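Me: I'd like to go through this one and keep asking what the labels rest on. Can you walk me through the reasoning?

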Amino acid sequence: MFINEICKSNRLKTTEILVKRLKETYRLRPNVVEDLRKLLAGYRGEKDMKYYFQFLPDKDCLIIHNLRLYDGKTYFQMDYLILTQKFALIVECKNYYGEVEIDTNFNQMIRKVDEKVEGYSNPISQAKRHQRQLQKYFQLHNLPPIPIEFIIIFSSSSTVLKGSPAIRDKVIHSHSFIEKWDNLSQKYKVTVVEGKLLRKVSKNLLKNNTPESIDLLRKYGIPQSDLITGVQCPSCEKFAMIRQKRKWFCPHCNTYDKHAHHQTVNDYFLLIKATITNKEFRNFANISSRETAAKMLVKMNLRSIGENRGRKYQKP
């Protein structure tokens, strides 16, 4: 059973918003768009695995998606962690097309598409590192010593996988997952943790899950002046809504919406910072009236600190 929902990572959601609000004239826009394409491809690969997970014994498996933990020194993130009473399995999803070779001699992954050759870090090395970090996390939190395995799954059956025979046990296509699961079930036959304790383990992991927070404007060197301001129309997606009679109106498609500014505030929180003042909201949403902006922020029931002009509304 799934312990949490399969959802987009903070990095993906923030990158989507950045592409949406980044001016077409910005010189590094193609880089941001390409990074978004890669993130979306990875997310699609993760979502595709849900089909194969449905064949697992529902009562015996606790599945956690997109788990990011701290091992005492650094953070590490896993696409999926599957907990059972006999073993745990880290699942790393890859969604590449073309020809992919895992080169164990030089410890890298090589992808060939047409005449283009690209090098990447070895996903096996990454998964091994996550395995060690998860073991360390279990020790740090006094959790039961569950045997931990890992697998790298390529979601597209059209991806041509190459490498030495030694990696075939760790690198597979998604359609081979159930066969791999059956092999692990045969390997681990002894119960090492009871069901009640296993659920406590899953609660500990979720409690300490720390989604990544990244300043994309700093990462790409984007000045705030290169962002498109205003309230986006939920229908035609143009940044042209204007305030009329306590509603937002889009002159392009004639849509009315009472709460269109909610997404604008969320965009600000993700792209710029975790607090917003009345003045910052007015500048970002293109609102002229301080009183109108104050009423909208108050009605959003955001936590706030400070008083009057010094009041800051906090990201939920």
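**Labels and what they rest on**

Reply: Asn 278, Phe 281 and Arg 282 in α8 meet Arg 290, Ala 293, Ala 294, Met 296 and Leu 297 in α9. By class, that contact of α8 with α9 holds five nonpolar, one polar and two charged residues. Keep in mind that this is a predicted model.

Me: What makes α8 roughly perpendicular to α9?

Reply: The axes of α8 (residues 278-285) and α9 (residues 290-299) cross at roughly 100 degrees and come within 9 Å. The label covers angles of 65 to 115 degrees, so α8 counts as roughly perpendicular to α9.

Me: Which residues of α8 are buried, and what covers them?

Reply: Asn 278, Phe 281, Arg 282, Phe 284 and Ala 285 are buried in α8. The cover includes α1 (10-21), β11 (247-249), α7 (261-271), β13 (275-277) and α9. Just after α8, Asn 286 takes a positive phi of about 60 degrees.

Me: Why is strand β3 called largely enclosed by the rest of the structure?

Reply: Buried means under 20% relative accessible area. Seven of the seven residues of β3 (residues 88-94) are buried, so the label follows. Ala 88, Ile 90, Glu 92 and Lys 94 point one way from β3, Leu 89, Val 91 and Cys 93 point the other way, and all are buried.

Me: How do you know that β3 pairs with β2 and with β7?

Reply: Pairing takes at least two bridges between two strands. β2 (residues 75-83) and β3 have four bridges, in the antiparallel sense, and seven bridges join β3 to β7 (residues 148-154), with those strands running parallel. Both counts therefore satisfy the cut-off of at least two.

Me: Which residues stand opposite each other there, and what joins β2 to β3?

Reply: Leu 81 stands opposite Ile 90 in β3. On the β7 side, Glu 92 stands opposite Ile 152, and Leu 89 has Glu 149 in β7 as its bridge partner. A hairpin of four residues joins β2 to β3.

Me: What makes β1 and β9 the edge strands, and what is the strand order?

Reply: The open sheet has five strands in the order β1-β2-β3-β7-β9, with mixed pairing. β1 (62-70) and β9 (171-173) each pair on one side only, and they are the edge strands. Ignoring direction, neighbouring strands of this sheet are turned by 40 degrees against each other on average.

Me: Which helices touch the sheet, and at what angles?

Reply: Helix α2 (residues 29-53) packs on the sheet and touches β1, β2, β3 and β7, its direction making about 20 degrees with that of β2. Helix α3 (residues 123-140) lies across β1, β2, β3, β7 and β9, and runs at about 145 degrees to β7.

Me: How do you know that Cys 233 is in no disulfide?

Reply: A disulfide needs two cysteine sulfur atoms within 2.5 Å. A search of the whole structure finds zero of them. For Cys 233 the nearest cysteine sulfur is that of Cys 253, 3.5 Å away, and with a cut-off of 2.5 Å the pair therefore doesn't qualify. Seen from the other end, Cys 253 has the sulfur of Cys 233 as its nearest, again at 3.5 Å, and is in no disulfide.

Me: Why are Cys 233 and Cys 253 given the labels buried and partly exposed?

Reply: The value for Cys 233 is 1% relative accessibility, and with a cut-off of under 20% it counts as buried. Cys 253 has a relative accessible area of 30%, which falls between the 20% and 50% cut-offs, so it is partly exposed.

Me: What makes Asn 254 and Asn 308 worth a look, and why is each called exposed?

Reply: Most residues other than glycine have a negative phi. Asn 254 is not a glycine, yet has a positive phi of about 65 degrees, and Asn 308, also not a glycine, has a positive phi of about 50 degrees. Asn 254 sits in the loop between β11 and β12 (256-257), while Asn 308 is in the loop between β14 (304-305) and β15 (312-314). Exposed means over 50%. Asn 254 is at 53% relative accessibility, so it counts as exposed, and Asn 308, at 64%, counts as exposed too.

Methods
Residues are numbered from 1 along each chain as its sequence is written. This is a predicted model: local features need pLDDT of at least 70, side-chain atom pairs count only at pLDDT 80 or more; totals for chains, interfaces and linings use all residues. Side-chain values use heavy atoms; hydrogens and water are left out. Axes are lines fitted to C-alpha atoms, for helices over the stretch in contact, and angles run from 0 to 180 degrees between N-to-C directions. Angles under 35 degrees count as roughly parallel, over 145 as roughly antiparallel, 65 to 115 as roughly perpendicular and the rest as oblique. Contact means heavy atoms within 4.5 Å. Ala, Val, Leu, Ile, Met, Phe, Trp, Tyr, Cys and Pro count as nonpolar, Asp, Glu, Lys and Arg as charged, and the others, Gly among them, as polar. Buried means under 20% relative accessible area, exposed over 50%, partly exposed in between (1.4 Å probe, protein chains only).
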